[in-house]
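Me: I have a model open and would like to understand the words used to describe it. Could you go through the reasoning with me?

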Amino acid sequence: MLVEFALHHAWLVPLLPALAFLIIVFLARPWPKLSAFISVGGMATACFFATLAAYGVFTNHQYTEHPLVYAARWLTLGLPGMPELQINVGVQLDPTSAMMLFMVSFIATFIQLYSVGYMKGDPGFSVFFSYLSLFAASMLLLVISSNLLQMFIAWELVGLCSYLLIGFYSHKISAREAAKKAFVTCRVADFGLLLGILGLVITFGTLDLVELSERVANFREYTTFGTMTLLAILVFIGPIAKSGQFPLHVWLPDAMEGPTPVSALIHAATMVVAGVYLVGRMLFLFHEVPVAMDLVAITGAFTALFAATIAITQREIKRILAYSTVSQLGYMMLALGVGSLTAGMFHMWTHAFFKALMFLGAGSVLHALHHKADVWEMGGLVKKMPITSWTFVIGGLAIAGIPPFAGFWSKDEILVVTLNGGHYILYAMAAFTAFLTAFYMWRLIFLAFYGEEKPENHPHESPWTMCVPLIVLAAGAMTVGLLGTPWNNIWAEWIFFGEAHHSGEIAWGAMISSAVIAVAGIYLAYTLYLKDKEKVKVKALAERYKSLYNLSFNKYYIDEMYLWFNHTMVDGSAKLFYLFDIYVVDGIVNGLGGFGKLSGEGLRVLQTGRLQNYALVFFLGVLAIAVLMVFAGPSTASLVLGGVM
Amino acid sequence: MSFPVLPVILLAPLAAALVLVFVPKDEHKLIKSVAAIGTFVSMALSFYVYFGYDQTLGGLQYVIRHDWIQDLGVTFFLAVDGISLPMLLLTNLIGFSAIFASWNIGTRPREFFILLLVLITGVMGTFIAHDLFIFLLFYEVVVIPIYIMVVIWGSSKRVTKEYAAMKLTIYLLIGSGFLLVGVIALFTKSISILGAPDMSFSALAIAGSQLSAFDQKWLFALLLFGFGSLISMWPFHSWSPDGYAGAPTAVSMIHAGVLKKIGGYGLIKVAVVTLPVGAHFWAPWMAVLGIAGVAYAAFGALAQKDLKYVVGYSSVSHMGYVMIAVACLDVIGLNGAVANMFAHGVMAALFFSMIGFIYEKTHTRWIPDMGGLAHQTPKLAVGFMMAAMASLGLPGLISFMPEFTIFVSAFDNYGGLAVIGIAGIIITALYVLRAGANTLFGPPRTEYDHLEDIKGVELVPLVVLGTVLVVGGLLPSLLFDMINSGVVPLHAEISNVLQLGGNL
Amino acid sequence: MLTISLTHYVVLSAILFSIGLFGVLSKKNAISVLICIELMLNAVNINLIAFSKYITPNEFIGQIFAIFVITVAAAEVGVGLAIIIAIYRNKLSVNLDEFDWLKW
């Protein structure tokens, strides 16, 4: 009963946090505790419904073939018989969206709970929770969207929430700039996505995902292959920024200016995977265009490697995690690009747990150390903060890919599908990234949690509202990967594109090698950062490859390039346009005015003000008329003088 | 139909203005209350008309028609259809908010509010008149109060307020001069076609569409220049930023919010319908000018440091979208054009009212002199950011769907060319966010610590316009269904003519 | 015997008118200008009466008109002199060259 209700009223899931947002904004704002209660309560209820809905989907195999869709008319343009555009809003439930629905609402609930402790005493406490609720509503709306435009709307709304939350500490200039950067970067990419959507609606006449997928499958009735390629690439531009892919990843590390729960929720577990989700949702489009698929895969693999090489030299704890997120998102894109929705979504699922866990752990550390962020200044935290440290270590094992933790299974899945697809170079890149991932993540762990304690730090364990989410997510990071083990791949039975693939045989080679790679990475980090107490080797290495080190530490100077472009090219042309406007366009206008003024100046000389001059002119005029009449004859005169005579 | 609701809507502000003449000039509270009541009556009634209008029936409703000057075929013809109704509603929403946005006016409030009410009446008149003569009459009524209001209550920044007022007035009068020539030529030609003089839109539409292609082309060019300079079509836009910057808040609100839209409204309801062949001929040029306007003004806005100039250029940029949409000459495009005028009106009015409050409190509009205001005046910041987000076309606010429909139509009709226009959204995001960030966020400045947030009646513009902004964004069908009911028959007429004379 | 024909009257009138016009255009003194205007009016009167006498001898239209002109001229001189006196009080001059306040 209840499951049926949840299935057919899935719109309640985004609606509840939206209501929480409204209540907090208009009523509960003056009372922080009440606001937090409403927000967490709304989110928990939404999570409850989402779980029921997901349960409903995952107990009925018919939804894998035929998604449950219900929609209402939102807007119609034109009348029947003419080119008409109808836009619906609705719910589309299939295993992919049900999984996302559960994941987002589950993680959001625990992160909101965590925020109660983390944000305690902040003057913007209520506002923060209202933003979190709004974000949850938008994100859940995005997940259940049955229409591409609806998805785009939610897509922009999560962008707005991200903007508001990154800039939450708006008195800091860095936060303000980071928020703006995030929004504008995503805007640039959304321009591409918008063009793609426009192209799709013009070509296919619908934006409903199910209908669109049917029409795209027979796209030759509507359009050419070239147009399809263009459309797929345009659509992919949106996810490039949203999911932090090269070259529009620059906003994501800066987004860490926001409060840490925000980084965990939005910039690790949910919003940034929206791009991956969109590509997954639109895989029917990309699938038709091999070029676009390759583009997705290459972008993903390159981003994964690229971000990992940056992460190994960063010093701030959240920045390391941010680049790690970029890198993992690249993994997901790679999986989708080689055609495996299963692997991509699986990594997204496991990543959400362990990355949220690690961000919350980092938040706990920052909370304890009063926002001292440099990992080199931490050390030995494990003694004072056992829960935080151990859960973080679990996250580290998961992301490094140590079996049987969650990350191992999903990463292994990606490596296997890449290898099976025959993409050997991409496989090599992904495998090397895995090595780097294990290395930099354990570098962080060894530096921050092990080694010697720093006497100037006085860490303490965080309150229960913060620890409970850590423990829950750690449990998740340990276990959620078991859904997709090669022996019993429940995951692949439900979430797939095209045909469910049961490879049957287990790719032992890939599995063992990825485990070995992970262990090697951790071991290298161990020798460099824990065993070697004085860190002489590290310093020597950094000294020896100084240029490489600088390149990595400065993020390949990409930010500087954008900054230069923005300040010189964009602002420069703005200045030029403005000068053109006030001097040329306005110059012409003022010139016309000036012409009128000058002619007036000239003509007023004739106006002497002396009566006798006027009388003279008057007389001459009469004389002229008389002469005309006498010498030219009356007919000509009347012609010249017109109706006067 | 016994109750003459349109004349009442039209005359309520005028009646309030008449009452104000007899109110002692020191009774500031009373003056403002009378003005507020007058505009409130209009607003409430126009809501009543909006929701009472029968969309399935369509066409002109709430018709009032009396003979006036029979020799010229002028009739006092008031009516509304799906295109003029949103504009009427918009005028009243903004008019009502404008009264509250100028609540703190200290010098000569009585004269100010009388002029403001006359201005509102004039603008409303243009939108509900369906006789070209009456339309022009109301239009000319509008220009004069604006001049006086800018000169007396305006502010001098980059340019003096006298210059701004002069530029605004003369520019618009020159535009309307060309317009008048076109209208008179159209009228004289129509007499021989119709057999009797008739100035009503519908009669002129019948006559105009029978004109030769050549006549249609040059007449349309005249009308395009007239209406185009009013809607600040590039390159006839330069009155707009200066004018808005010089004008007092209420005038900026009404001017950017609705008065400018008379240009787009006239273009659709008069020029395009009457001269479809001419419109078809000039459409590519309109599209090019529109696209140029979008990109050009967006860059112009990026270079500004005065808040009002930012919004001034931004409104030029947004009106470029309307030009593109009109140039598409299809149902979706025209829908988008009207809807975008409505959306931009609400958004620009909210923007200007918030900037007005900021200026009133900080005595500056210079962006580098501000920062961190969100901490001292949070509600003001909310209003500002809502307007800013609407300006950059955030989905969920009113301006997204209009822009989207325009993009659909423009992309369909003009393809690659439209992409340049659509790219304007990036620059828009950049300048809007930059202005917002540098004004509202960052470290709070101590000199603004004493500022009071907007409160009481000052919240009215935020509440009224903000509600419309959000509701229109979440339920765009409220707006679009109405517009669609007006656009579809109009487009049917145009395409009819174009197909009959397809080879012209 | 030289008979006096219409031509003589017209020529006399033209000469008188020209003298008056010359005075109006060239005299600096406002009073002189006023007198010259009277000369022009009288030239007109001569014309009116002469034409009346020679062309419509039985009707007195021209004569009546001349009387009207004389009446109006009298009134005009009254007003004109009053204005000149008023100006003289202000400016202590009746020199027309100094009267250019009509100029912008």
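Reply: Happy to; this is a predicted model, and we can take chain B and then a helix pair in chain A.

Me: What makes the radius of gyration of chain B agree with a compact globule?

Reply: Chain B has 504 residues, and a compact globule of that length would have a radius of gyration near 23 Å; the value for chain B is 22 Å, which agrees. Along the principal axes, its C-alpha atoms fill a box of roughly 70 × 55 × 40 Å.

Me: And what is inside chain B, in terms of helices, strands and burial?

Reply: Chain B holds 19 helices and two strands. Of its 504 residues, 64% count as buried, the cut-off being 20 or more other C-beta atoms within 10 Å. Among contacts between residues at least 6 apart in sequence, 82% join residues at least 24 apart.

Me: Why are H19(A) and H21(A) called roughly antiparallel?

Reply: Helix H19 (residues 386-400) and helix H21 (residues 424-449) of chain A pack at an angle of about 165°, their axes 9 Å apart. Angles over 145 degrees count as roughly antiparallel, so H19(A) is roughly antiparallel to H21(A). The crossing of H19(A) past H21(A) is left-handed.

Me: Which residues make that contact, and how do they divide by polarity?

Reply: From H19(A) they include A:Phe392, A:Val393 and A:Ile399, and from H21(A) they include A:Met441, A:Trp442 and A:Phe449. The residues of the contact divide into nine nonpolar, three polar and no charged. Gly counts as polar here, and A:Gly396 is one of the contact residues.

Conventions:
Residues numbered from 1 in each chain as written. Chains lettered and ligands numbered in written order. Predicted model: local features only at pLDDT ≥ 70, side-chain atom pairs only at ≥ 80, totals over all residues. Helix = DSSP H or I, 4+ residues; strand = E, 2+ residues; numbered from the N terminus. Rg over C-alpha atoms; globule rule 2.2 N^0.38 Å. Buried ≥ 20, exposed ≤ 12 C-beta atoms within 10 Å, placed from the backbone. Contact = placed C-beta atoms within 7 Å. Axes fitted to C-alpha atoms, helices over the stretch in contact; angles between N-to-C directions. Parallel < 35°, antiparallel > 145°, perpendicular 65-115°, else oblique. Left-handed = near helix turned anticlockwise from the far one by under 90°.
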